[in-house]
Amino acid sequence: CSNLGAGCTTAARAARNLADGLLQTLDQPFAAAIGRLSQSITAERTDTGVAPDSPAALVTLAALHGGDAVRARSIIGRAVGADSSDDHGFTGPRHRLLLGWVRMLDGQLSAASADAASVPSSLHRRDALWSAALRTAIARRGGDGGATQKYWYAAMDVLAEYSLDIYCTLPLGELWVAAARLRQ
């Protein structure tokens, strides 16, 4: 499959584009990396490989880090729509939290709050961190100091048990801003 020829399956091609796109985020311009990452999103959803995240989540994260909120909103919105038609236990909450994050950044605090409330309370540690950080961000932007403090402390509990990775820089940044606001 090295040349992505006709012998490659759609899933193999998508996996290759995902890997190449992730590598390109390290040393290529944003447009090249996001273009390759976007090619990893296929119409058929397969959960047969091992990846750091779903292709839709990774493209959304790359778009958010690259300042491309329009692409992030479009990609994660479609992923959430696809999640609702099938049972995607692991990716469903992740996608909903990322949609909430995009909405929070857009200033749609009520919609973001609804997204945060729609995820189950028993989440993978990474998603629990995103959930607590999203709730902290919504409370801080809404001017609710009590809720900001409550969710920030909840995030600190999750953070104490979480092994940090590059995919959590957005929630960490939000928690850092909230900590400064709370004088922590």
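**A short walk through the helices**

Start by selecting helix α1, residues 10-27: at 1.5 Å a residue its 18 residues should span 26 Å, and the end C-alpha atoms are indeed 26 Å apart. (The expected span is 1.5 Å times one less than the number of residues; helices are DSSP runs of H or I, at least four residues, numbered from the N terminus.) Before going on, note that this is a predicted model, where local features need pLDDT of at least 70, side-chain atom pairs count only at pLDDT 80 or more, and totals for chains, interfaces and linings use all residues. Residues are numbered from 1 along each chain as its sequence is written, and side-chain values use heavy atoms, with hydrogens and water left out.

Still on α1, pick Ala-14, Asn-17, Leu-18, Asp-20, Gly-21 and Gln-24, which are buried (under 20% relative accessible area, 1.4 Å probe, protein chains only). The buried residues of α1 pack against α2 and α3.

So show those two next: the axes of α2 (residues 30-38) and α3 (residues 55-65) come within 9 Å and cross at roughly 165°. Axes are lines fitted to C-alpha atoms over the stretch in contact, with angles from 0 to 180 degrees between N-to-C directions. That makes the pair roughly antiparallel (over 145 degrees). For the contact (heavy atoms within 4.5 Å), select Phe-30, Ile-34, Leu-37 and Ser-38 of α2 with Val-59, Ala-62 and Ala-63 of α3.

Last stop: Arg-183, in the segment after α9 (169-182). Arg-183 has a positive phi of about 60° although it is not a glycine, and is exposed at 78% relative accessible area (exposed means over 50%).

Technical notes
Angles under 35 degrees count as roughly parallel, over 145 as roughly antiparallel, 65 to 115 as roughly perpendicular and the rest as oblique.
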